[in-house]
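Please consider how helices pack against one another in the structure shown below. The paragraphs that follow lead through two such packings in turn.

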Amino acid sequence: MIKIAIVSYPDSLQSAVFGLAEMFHLANRNDPPAPFQCDIVTEDVPSRAYNIVILPPNLGSEYTEQASDSLNTWLCDQKQQGAILCAACAGCFILGQSIDLTGRRVTTHWALADKFRTTFPKTELDSDKILINDGDLITAGGLMAWVDLGLELIAQFSSPTIMRKVGKTMVVDTARREQRFYKRFSPRRDHGDQAVLNLQNHLEEHYHQPMTVSKMADFCGLEPRSFLRHFTKCCQLTPKLYQQQLRIQKACDLLEGTPQTIDQISYHVGYEDISAFRRTFVKVMGLTPRDFRNRFGEASFAL
């Protein structure tokens with residue numbers, strides 16, 4: 001029997017708490033049944049040992065940044081007794097308070113990535129991934145990624161066949177996803193540097209026009225080498241990668257919201273070489289422009 005604890009901590013997403021419990025219940029209804037015994041526990045955690053402990057997403061309170069001492073101690077004890085610790089979205093912040101994440105591969109919601117890196121700088125955070133299984137530590141990204149987490153656990157501790165049956169019953173896609181499919185480029189603008197902010201505003205308006213590092217440096221009144229260090233520190237991206245991310249985000253907006261052809265969009269966002277545009281788009285988003293439109297665009301848009 002695989003004993004699972006789902007932690008219903010303050011402001012945790014209750015649809016995830018009970019949804020996970022129901023997923024494991026569905027898995028147990030198969031023939032042969034999956035081996036899950038599931039408890040929903042609170043901060044007043046029981047003394048028994050579990051094989052798997054799950055921290056669901058959070059609805060936006062500050063609890064995940066300062067969880068109770070009793071919960072942190074309990075999570076640490078569970079890990080020492082051999083439990084696999086799992087967390088989704090903001091729940092990953094609780095893990096970082098409870099155990100040492102140095103060198104561990106983790107993910108969290110893409111919008112929380114900068115904050116997570118600042119709080120836990122020694123982790124190997126990959127916010128492009130929607131789920132990372134790192135052995136005794138499994139983390140999931142977005143607010144609804146608890147579904148991916150539940151399916152992963154069912155596949156690992158019962159069978160992939162039962163996992164797919166549960167997915168069909170719930171009418172959810174059991175194919176592998178990546179969080180970067182849903183990611184939106186939201187550059188840092190709270191760095192306090194007015195010259196860099198002015199440049200960001202200029203790039204936002206003229207993203208389709210070529211602009212070299214030298215021209216950007218002149219725009220900011222800095223030497224190129226000094227500008228490169230300064231901009232990268234402020235925006236956490238090199239100027240080249242910043243331009244690339246900005247253009248691809250504009251392309252995503254056009255793919256989702258307009259009937260323009262992919263060739264037209266490529267030219268509109270500053271790529272004269274359609275092949276280069278496609279390669280860059282796949283590198284950033286993990287999907288081809290056509291696949292992105294099929295997934296997120298209006299069904300009536302011609303390809």
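At what angle do the axes of helix α1 and helix α6 cross, and within what distance do they come? The model is a predicted one, and in it the axes of α1, formed by residues 14–28, and α6, formed by residues 160–170, cross at roughly 120° and come within 9 Å. Angles of 65 to 115 degrees count as roughly perpendicular and those over 145 as roughly antiparallel; α1 and α6 are therefore oblique to each other. Their crossing is right-handed. On the side of α1, the contact is made by M23, L26 and A27, and on the side of α6 by I162, V166, T169 and M170. Of the residues in this contact between α1 and α6, six are nonpolar and one is polar, with no charged residue.

A second packing involves helix α7, which spans residues 194–205, and helix α10, which spans residues 239–257. The axes of α7 and α10 lie 10 Å apart, and the two helices pack at an angle of about 40°. That angle makes α7 oblique to α10, since only angles under 35 degrees count as roughly parallel. The crossing in which α7 passes α10 is right-handed. Here Q200, L203 and E204 of α7 meet Y242, Q243, L246 and K250 of α10. The residues of the contact of α7 with α10 comprise three nonpolar, two polar and two charged.

Conventions. Residues are numbered from 1 along each chain as its sequence is written. This is a predicted model: local features need pLDDT of at least 70, side-chain atom pairs count only at pLDDT 80 or more; totals for chains, interfaces and linings use all residues. Side-chain values use heavy atoms; hydrogens and water are left out. Axes are lines fitted to C-alpha atoms, for helices over the stretch in contact, and angles run from 0 to 180 degrees between N-to-C directions. Helices (H or I, at least four residues) and strands (E, at least two) are DSSP runs, numbered from the N terminus. A crossing is left-handed if the near helix is turned anticlockwise from the far one by less than a right angle, and right-handed if clockwise. Contact means heavy atoms within 4.5 Å. Ala, Val, Leu, Ile, Met, Phe, Trp, Tyr, Cys and Pro count as nonpolar, Asp, Glu, Lys and Arg as charged, and the others, Gly among them, as polar.
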